[in-house]
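New to this one? Take a moment to look it over, and then we'll walk through it piece by piece.

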Amino acid sequence: MNNIFRRASNVAHYLAKALPTDWYWLKRSVKNSMLYRGEEYLANRLLIMGHSVEKGITMPNRRYGFGYGVVRLLISLCQEYRAQYGSEKEAFQIALDDLREYLQIHQEANFELPEDIEEGIRKLMAFKTGTEVDCKMVTKEEFFAYSDFSSFAHSRHTSRWFSDEDISDETIESVIELANTAPSACNRQSVRVKCVSGEKKNEILGLQNGNRGFGEKINKLLVVTFLQPSWEYDIQSAGYLDAGIYTMNILYALHYHQLCACTLNAHFEVKNIEKVQQILNLNPLEVPTVFIGVGKPMEKMMIAKSERIGVDKIIDFLK
């Protein structure tokens, strides 16, 4: 009986701590997604939709006529943004570059786009200013060319161009050994990594919708997880933060070992999270947070421009 009361007390304790936190984030999510449509929201949508276009442009086996729905939405968002906030801001100009290159590659391939898309892009090009930036083709040597940490960090990009060469388990172990230098809150070290290949890899990629067009070329799939019991209920989101820091270290370690990588989100419904746990035979309290598709580089690869907004938009100096 005492054990029952103790468990009930623990549940009440967690609910008392969790409900205010969850209600806070629920209110913020509703406000952001349903009520707020200001400049920051629109600028962010331009960056997201523009990157979707870049992804199609840089696919290893590019399919012309891709992404009509995304392109139409990007055109509409550009029109809305310009009408409200002008045409000089970075996010707007970055989106115009994506639309310009989308039109350009189809013209070069003599592929006829729908009239509304071509006309919409041409009209927006009247507001393009500054240097034109394209996605670029690089050699393997150029991709891994660096002399110090600054050039190393700037040379790292997502690549979906994987060769057919196999990556040894020993190489992956070396990658994780280097990635293991990542900081961890209170040294909890709750992050785990599963290196998946073969049929299990294909099963997981079948649940993830961001790998179409290149997923079959992924040699190894790294599944980054964290152990839920390492975090108290009201700070479990910090588990994702630790996993995110560790993931960036993995990406740097992969680049150091001259391997190509593409991060893939694990934003799944609960039923698919459970499927991943079943496929990998994970403890139900081990939470998948992100996937990383890994492969050896091809001799030539095309990478997205992924233009960054200026540092002045990110940093504020407060006194």
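What follows is a short tour, from the whole chain down to single residues.

## The big picture

First things first: this is a predicted model. The protein chain has 319 residues, and 39% of them count as buried. Along the way you'll meet 11 helices and 6 strands.

How does the chain hang together? Take the contacts between residues at least 6 apart in sequence: 83% of these join residues at least 24 apart. As for the outside, the accessible surface comes to about 18600 Å², with 53% of that belonging to carbon and sulfur atoms.

## The sheet

Now for the strands. Four of them make an open sheet, and if you read across it the order is β2-β3-β5-β4, with antiparallel pairing. At the edges stand β2 (191-196) and β4, and each has a single partner strand, so one side of each has no neighbour in the sheet. On average, neighbouring strands here are turned by 25° against each other, direction ignored.

In the order just given, β3 sits next to β5. Strand β3 covers residues 220-227, and its antiparallel pairing with β5 runs over 8 bridges. To pick out one spot, Thr 225 has Pro 288 in β5 as its bridge partner. Helix α9 (residues 198-207) packs on this sheet, where it touches β2, β3, β4 and β5. The direction of α9 makes about 70° with that of β3.

## Two residues to zoom in on

Is Leu 222 buried or exposed? This residue of strand β3 has 0% relative accessibility and is buried, because the cut-off for that is under 20%. Setting aside residues up to four places away in sequence, Leu 222 touches Ile 172, Val 193, Lys 194, Cys 195, Ile 250, Val 290, Phe 291, Ile 292 and Val 294. One of these contacts, Ile 250, is 28 residues away along the chain, and the two C-alpha atoms are separated by 9.5 Å.

Back in helix α9 you'll find Leu 207. With a relative accessible area of 22%, Leu 207 is partly exposed. Which residues does Leu 207 contact, leaving aside its neighbours within four places in sequence? They are Phe 268, Asn 272, Lys 275, Val 276 and Ile 279. Lys 275 is 68 residues from Leu 207 in sequence, yet their C-alpha atoms are 8.6 Å apart in space.

## Rings and their company

Time for the aromatics. A pair of rings is described by how far apart the centres are and by the angle of the planes. There are 11 aromatic pairs in this structure. Tyr 81 and Tyr 85 make one of them: their centres are 5.2 Å apart and their planes meet at 50°, a tilted arrangement. Both belong to helix α3 (residues 68-85), and because they are 4 residues apart there, about one helical turn separates them. Tyr 81 is buried at 1% relative accessibility, while Tyr 85 is partly exposed at 26%.

Phe 268 and Phe 291 have ring centres 5.8 Å apart and planes at 45°, so this pair is tilted too. This pair links distant parts of the chain, 23 residues apart: Phe 268 is in the loop between β4 (260-265) and α11 (270-279), and Phe 291 is in strand β5 (residues 286-295). Phe 268 is buried, with a relative accessible area of 16%; Phe 291 is buried as well, at 1%. You've met both before: Phe 268 as a contact of Leu 207, and Phe 291 as a contact of Leu 222.

Elsewhere, Tyr 146, Phe 149, Phe 152 and Tyr 252 come together as one aromatic cluster. There's also a charged visitor: Arg 160 lies over the face of Phe 214, at 5.6 Å from the ring centre.

## A couple of backbone oddities

Most residues other than glycine have a negative phi. Asn 187 goes the other way, with a positive phi near 55°. Look for Asn 187 in the loop between α8 (169-179) and β2. Asn 187 is exposed, with a relative accessible area of 54%.

Ser 306 also has a positive phi, near 40°. Ser 306 is in the segment after β6 (300-303), and its relative accessible area of 21% makes it partly exposed.

Methods: Residues are numbered from 1 along each chain as its sequence is written. This is a predicted model: local features need pLDDT of at least 70, side-chain atom pairs count only at pLDDT 80 or more; totals for chains, interfaces and linings use all residues. Side-chain values use heavy atoms; hydrogens and water are left out. Rings of Phe, Tyr and Trp (its six-membered ring) pair if their centres lie within 6.5 Å; planes under 30 degrees apart count as stacked, over 60 as edge-to-face and the rest as tilted. Helices (H or I, at least four residues) and strands (E, at least two) are DSSP runs, numbered from the N terminus. Buried means under 20% relative accessible area, exposed over 50%, partly exposed in between (1.4 Å probe, protein chains only). A charge sits over a ring if NZ of Lys or CZ of Arg is within 6 Å of the ring centre and within 35 degrees of the ring normal. Contact means heavy atoms within 4.5 Å. Accessible areas come from the Shrake-Rupley method with a 1.4 Å probe; for residues, only the protein chains shown count as cover. Two strands pair if DSSP finds at least two bridges between them. Axes are lines fitted to C-alpha atoms, for helices over the stretch in contact, and angles run from 0 to 180 degrees between N-to-C directions.
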